[in-house]
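Open the model in your viewer and set it to a cartoon view. Keep the selection tool at hand.

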Amino acid sequence: MSSLLEIHDLHVHFRTRDGVVRAVEGAELAVDRERTLGIVGESGSGKSVTALTVMGLTRFPNATISGEIMFDGTDLVKLPDNQMQSVRGKRIAMIFQDPLSSLHPLFKIGWQIVEAIRNHEKVSKKVARARTIEALREVGISSPEKRVDSYPHELSGGMRQRAMIAMALALKPDVLIADEPTTALDVTVQAQILDLIRRLKDDYQTAIVMITHDLGVIAELADEVAVMYAGRVMERTSRQKLFTVPELPYTWGLMRSIPRLDAPRPGRLNSIAGMPPSLIHLPSGCPFHPRCPYVMDVCLKIEPQLEQSEAGHMVACHLKPEERRRLGRELISQRSS
Amino acid sequence: MSEVVENAPRPDGSGGGSSRLLAAPLTFVGRLASSSMLRYVVRRVLWGILMLLIVSALTFVVFYVLPSADPAQLRAGKGATPARIAEIRHTLGLDRPVYDQYWLYMKRLVLHFDLGYSYHNEVSVRQEIFSRLPVTFSVAIGAFFIWILVGIPVGVISAIKRRSLLDRFTMGVSLAAISAPVYWLGLIALFLFSKDIGMFKLFGGSGSYTPFSQDPGAWFSSLVLPWCVLAAAFAAFYARMVRGNLIEVMSEDYIRTARAKGLSERRVVFRHGLRAALTPVVTMAGLDLGGLFGGAVLTETVFNIPGVGRFAYQSIIDSDLPSIQGTVLFGAFFIISANLIVDVLYAFLDPRVRY
């Protein structure tokens, strides 16, 4: 059975003056209607590039894109630019991290949403404006008849992100890609925006791709989770499995880095030792091996492939599956005790 | 190659927090009349008047402190007796103390808008300048159209075709145009295209200026070369500025959003990109045009055009203080006004600016 959006063996490379940046290497992902795929990873792990590639927004002259992005039976990688334009915004929409810089500062938000609608559908300005007001109301903006004529700087951060979501959803897309939509917002507003996205997913039967570095957002929203590192998907499973038996040392590192409020304060916060690798000069073997506390000889030589560990749980790691599950369970019980 | 990115001066938002939300739905007239805007304009006008006072005082001081020829001696001519020179000095008021002269000058200026009479030939300076303003306007406005119509498209194309051969070529040419002195470029233009001494006798040459009211054809022909020469450096500078601005804007997040909406690249560039990239250009254009209204000294001198700029040049040669003072004041007035107009205009171009 194939999903609405499926990514197979996606590679995205950029030729730069310093060398080839291997931003995405063999990514495997899938998401269906009314489901939420969470992609989690540090900065530079390839999550945003993957999303932008789905949108066809990484087709720069210096980019090489290979693999498959199957969307409703069409391979988007091979789709010509002009046809991609009618998918972009209309069938797959995207919202971004910083809603202030992502909205044009010199145009009213209503104008910007009307433009999106009229770009894809032949409707009058009046109809488009009415739909814009409706969309703003839908995302919880109060007195949308007035807000439609506001400029982005006149709204609060949360309201701006709501406006962005209204713009993305005004055309009722099949897929909504949210690239760290709450990172730039206050914590209280974050929860509201996540609630909103969840509600809209159910109302519109949209498939959501939620990109984040925050496992809290994953726990809140995702059905499926993909953990990305150095452009690779290293662990793929359900949210439930990820938070009961995480099997990847990198995922454990991410989980340990979450500060706890209920435990005695450690001398210093936990973090994963080292830095994310350069995507130009990747380490040999497993890209995580320089930072991995469980590194073995084999990790330096051979890159682990994403393999089935249990039903519905894919992991790319040389550790023995039983060992990984034992360590994963231990970590979870430690953290929940 | 370095990019010229001009950040337009942005007046600080001194408007209160509440007016920020209220100002948005107001119309053009409404905003102009809004109390914070009105207060801002009044304040700026008062500052402008103070500026003009300072400029006029400085011109006086510079004229008397720096060594220059004695106007009375120049007026009297060679071989005049000391008594004759003293007499002239007395009629011109040059024997009074400087502050006294300044006071008299300002009094006449404020009460009668009288800029005095030329030391050189007793002609009213105000009349002299007024009769030359249309000439200077002709030169400035014509050049303005050329540099806008050339500079902006070239900048846009260079930005879109960044690093292409065309981009490198136009940016190279623009660097040359910025570097070339106007008097040199003017002479080259005359040698090449003027009707009298040119290789290709196409346009009117030096001193061929004819008022529009007399003969529009001759007027146009006489101004083509000055327009092009004056516009060259401006067009080049604007092309580089537009290119730099547009390249910077095209990497903004909101451009990515525009693309994500599925807009055509053409619309992304021309609607979303240019709107942001050209806003600071409007500011620059206003200031530059205002500056030129005070006289394009070099161009008018090279082409022997009877405008305010050449008048200023001649006044300096003649040590003719009232004429110098008059041209300086007019120049300052245009620059100060242009500044004010541009700043007010900016509030309409960029809704984030509040006064």
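The stops below go from one strand to its partners, then to the cores, the domains and the second chain.

This is a predicted model, in which local features need pLDDT of at least 70 and side-chain atom pairs count only at pLDDT 80 or more, while totals for chains, interfaces and linings use all residues. Residues are numbered from 1 along each chain as its sequence is written, and chains are lettered from A and ligands numbered from 1 in the order in which they are written.

**Stop 1: strand S7(A)**

Select residues 175-179 of chain A, which form strand S7. Helices (H or I, at least four residues) and strands (E, at least two) are DSSP runs, numbered from the N terminus. Is S7(A) largely enclosed or open? Five of its five residues are buried, so the rest of the structure largely encloses S7(A). A residue is buried if 20 or more other C-beta atoms, placed from the backbone, lie within 10 Å of its own, exposed if 12 or fewer, and partly exposed in between.

Now show the side chains. In a regular strand they alternate between the two faces of the sheet. Here Val175(A), Ile177(A) and Asp179(A) point one way, and Leu176(A) and Ala178(A) the other.

**Stop 2: the partners of S7(A)**

Strands pair if DSSP finds at least two bridges between them. Add residues 92-95 of chain A, strand S6, which runs parallel to S7(A) and is joined to it by four bridges. Ile95(A) stands opposite Ala178(A). Next add residues 207-212 of chain A: this is strand S8, also parallel to S7(A), with five bridges between them. Asp179(A) stands opposite Ile211(A).

Include helix H8 (residues 187-204) of chain A, and S7(A), H8(A) and S8(A) give a right-handed β-α-β unit. Right-handed means that, with the strands pointing away from the viewer, the path from the first strand over the helix to the second runs clockwise.

**Stop 3: the cores**

A nonpolar core is a set of buried Ala, Val, Leu, Ile, Met, Phe, Trp, Tyr and Cys residues joined through C-beta atoms within 7 Å. Select Ala163(A), Ala166(A), Ile177(A) and Val209(A), which touch the most other members of the 98-residue largest core. Helix H7 (residues 157-169) of chain A gives this core its largest share, eight residues. Another core, of 64 residues, lies apart and includes Tyr119(B) and Val328(B).

**Stop 4: domains and chain B**

An automatic or database assignment gives chain A domain 1 (99-172) and domain 2 (244-261 + 277-336). Their centres, taken over C-alpha atoms, are 42 Å apart.

Finally, select chain B, which has 15 helices and zero strands. Of its 355 residues, 35% are buried.
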